[in-house]
Amino acid sequence: MMRTAIYISLTAAIVFLVACNTKKEEQDFGKKQPEAAATAQTPAEKGQEIFEGKGTCTTCHKPDEKVVGPSLKDIATIYKQKGLSVAAFINEESKPVVDPALYETMKANFAITKMMTPEERQNIEAYIMSFAK
Ligand code: HEC
C-alpha cells in the first residue's frame, strides 16, 4: 500500500518535470525564430526597419505621396536618373536635388543620420532606391 503511494507520487513528479521541460523548450524555440529571420534580411529590408524605426523618416516621407517631404518614388526616380547616392546625401556629403527650397526641413534629420553607421545609411539607400521607376 505504502509502495503504491510512493510510485504514484514519483510518477506524478516525473510527469510534472517532463511537462515543465517541454514548455521551456517551446518558449526557447519561439525566441530563436525572430533572430533567424533578422539574419536573413536584405539590405533594403534592414533599411526599411531603420527608415520606419529609429530614423523616424516615415513622419515626412511616404512611398507614393508627398507629405511634408517628397515621396520615396520621386526621390528614388530622380536619384536613379542622376546617378546620385542617398547615403551621401544623408551624411551631408551632397546637395539637395529633389526639392531644394525645403532643404532646411530635411537638414534637421542629419543629426540622426550622421550618427548612423555607413552600413545603416547604405541600407536606407537600398530601401529608398527600391521605389525607383
Ligand atoms: C520633418 C520632416 C522630414 C523628416 C522626418 C525626414 N525628411 Fe527627408 N525630406 C524632407 C523634406 C521637406 C525634403 C525636401 C527637401 C530636400 O529635397 O532636401 C526631404 C528630402 C529628402 C531626400 C531628398 C534629398 C534631395 O536630394 O533633395 C532624401 C533622400 C531624404 N529626405 C531622406 C530622408 C531620410 C532617410 C529620413 C530619415 C532619417 C528623412 N528624410 C526624414 C523632410 C523630412
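This report covers the ligand site of a predicted model, then the pocket around it and an aromatic pair.

**The ligand and its shell**

The ligand is surrounded by 25 residues. Cys57, Cys60, His61, Tyr79 and Met106 are the closest of them. By class, 17 residues of the shell are nonpolar, seven are polar and one is charged.

Three contacts between polar atoms are set out here.

| Residue | Protein atom | Ligand atom | Distance |
|---|---|---|---|
| His61 | polar side-chain atom | nitrogen | 2.8 Å |
| Tyr79 | polar side-chain atom | oxygen | 2.5 Å |
| Val98 | polar backbone atom | oxygen | 2.8 Å |

His61 and Tyr79 thus appear twice: each is among the closest residues, and each places a polar side-chain atom by the ligand, at 2.8 Å for His61 and 2.5 Å for Tyr79. Val98 uses a polar backbone atom instead.

**The pocket**

Where does the ligand sit? Its space is the largest pocket. Three elements each give two or more residues to the shell around the ligand: helix 3 (72-82), helix 4 (86-89) and helix 5 (103-107). Helix 5 has the largest share, with three residues.

The largest pocket holds about 510 Å³ of space. Its lining counts 29 residues, and those closest to its centre are His61, Pro70, Ile75, Phe89 and Met106. Helix 3, helix 4 and helix 5 each give two or more residues to this lining, as do helix 6 (110-113) and helix 7 (118-129). The class make-up of the lining is 20 nonpolar, eight polar and one charged.

Two names recur. His61 and Met106 are among the residues closest to the ligand, and both are also among those closest to the pocket centre.

**An aromatic pair at the pocket**

The whole structure has five aromatic pairs. One of them joins Phe89 and Phe110 in an edge-to-face arrangement. The ring centres are 5.4 Å apart, with 75 degrees between the planes. Why does this pair tie together separate parts of the sequence? Phe89 belongs to helix 4 and Phe110 to helix 6, so the pair links parts 21 residues apart in sequence. Phe89 is also one of the lining residues closest to the centre of the largest pocket.

Notes
Residues numbered from 1 in each chain as written. Predicted model: local features only at pLDDT ≥ 70, side-chain atom pairs only at ≥ 80, totals over all residues. Heavy atoms only, no water. Near = heavy atom within 4 Å. Polar contact = N/O pair within 3.5 Å; in protein donor to acceptor, adjacent residues only side chain to side chain. 1 Å grid on protein atoms, 1.4 Å probe; cavity = no way out; pocket = protein on both sides within 12 Å on 5 of 7 lines; lining within 4 Å. Sits in = over half its atoms within 2 Å of the grid points. Helix = DSSP H or I, 4+ residues; strand = E, 2+ residues; numbered from the N terminus. Nonpolar A, V, L, I, M, F, W, Y, C, P; charged D, E, K, R; others polar. Points joined across faces, edges and corners; volume = space filled by probe spheres on them. Phe/Tyr/Trp six-rings, centres within 6.5 Å; stacked < 30°, edge-to-face > 60°.
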